[in-house]
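Hi there,

Here is the structure I promised to pass on to you. Have a look at it first, and then read my notes below.

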Amino acid sequence: GHNGRPCGRVAPGLTVMGVCFPEANPRRLDGPHGVFMAERAEGLVAPCVKEGEALVVYAHWGEEFVQTTSPVLRRRARTMIAEGAAQVVGNHCHVIATAEDIGAGSAVYGLGNFLFRVMPKKNTRMLRRSRRSSVVVYEQSGGRLELVESWVAEFDESFGLKLKKQRRRLPGGLSARAHLRMPPPLDRAVYALA
C-alpha cells in the first residue's frame, strides 16, 4: 500500500486500488490488493497518488440491475478524480451503466457482468442485459490515462462471445447517459424512477 492505503502496482506507471461502499454489501474483503470498506469518498484517493503514476480506482458500489447512475455515485467519482484518480471504474450493478468524462479523468459506473452470469428470475429482458459487458480501452501516457474506445461483449446461452465496437467512446446507451447532463433535481427523479 501507499501511505497506509491498499494499492497494487499492476504495470509500470499504473496503480490500482479497490474500495467497497456499504450499499454493495460485500461478502468478503480479502484479496491480493486488500480491498477495503469506506463510508465516504473523501480522503480515500489522495494517500495513494504518486507522481508519474496513473491511479485507477475500482469501486464496488450502486444498485444491482440499475443502469442509471445515482447522484451519490457521481459525487463520489468526482471527489476521487479531484483527489488524483485517473479513472474510476464501478462494478456491482451487473449491467452496463453510464459513463462520463470528469476533468482529465473519466468514470465508468458499471461494466456489466463480463464472465459472471447473475440472472434475475422470470425477466427475459434483464436476462439479455445481464449477459452484456462493456470493455473499455485506455491509452497510457505518463501518469495520465485516456479512454479511447469501448466495446460491447455479449455472451449467448452457451457462453459464445460476440464483440461489437461501440460508435461512441464512452459505454452506455444514449438514454442511459442523457441524465448525466440533467439538472440535479431532475437527475434525482430519473434515478428514483430507474
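Let's start with one residue: leaving aside its neighbours within four places in sequence, Arg74 is in contact with Thr69, Glu100, Tyr109, His179, Leu180 and Asp187. Please keep in mind that this is a predicted model.

Where does Arg74 sit? Its place is in helix H1, which covers residues 71-82. Is Arg74 buried or exposed? Its relative accessibility is 10%, and buried means under 20%, so Arg74 counts as buried.

Now for the helix around it. The buried residues of H1 are Pro71, Leu73, Arg74, Arg76, Ala77, Thr79, Met80 and Ile81. What do they pack against? Their partners are strand E4 (54-60), strand E5 (87-91), strand E6 (99-102), strand E7 (105-108) and helix H4 (184-193).

You can also check the length of H1 yourself. At 1.5 Å a residue, its 12 residues should span 16 Å, and the end C-alpha atoms are 16 Å apart, so the two values agree. After H1 comes Gly84, which has a positive phi near 125°.

Another part to look at is a sheet. Three strands make up this open sheet, in the order E8-E9-E10, with antiparallel pairing. Strand E8 (132-141) and strand E10 (161-165) are the edge strands, as each pairs on one side only. On average, neighbouring strands of this sheet are turned by 35° against each other, direction ignored. E8 is joined to strand E9 (residues 144-155) by 10 bridges, and the two run antiparallel. For a spot to zoom in on, find Gln140, which stands opposite Leu145 in E9.

Enjoy exploring!

Technical notes
Residues are numbered from 1 along each chain as its sequence is written. This is a predicted model: local features need pLDDT of at least 70, side-chain atom pairs count only at pLDDT 80 or more; totals for chains, interfaces and linings use all residues. Side-chain values use heavy atoms; hydrogens and water are left out. Helices (H or I, at least four residues) and strands (E, at least two) are DSSP runs, numbered from the N terminus. Buried means under 20% relative accessible area, exposed over 50%, partly exposed in between (1.4 Å probe, protein chains only). Contact means heavy atoms within 4.5 Å. The expected span of a helix is 1.5 Å times one less than its number of residues. Two strands pair if DSSP finds at least two bridges between them. Axes are lines fitted to C-alpha atoms, for helices over the stretch in contact, and angles run from 0 to 180 degrees between N-to-C directions.
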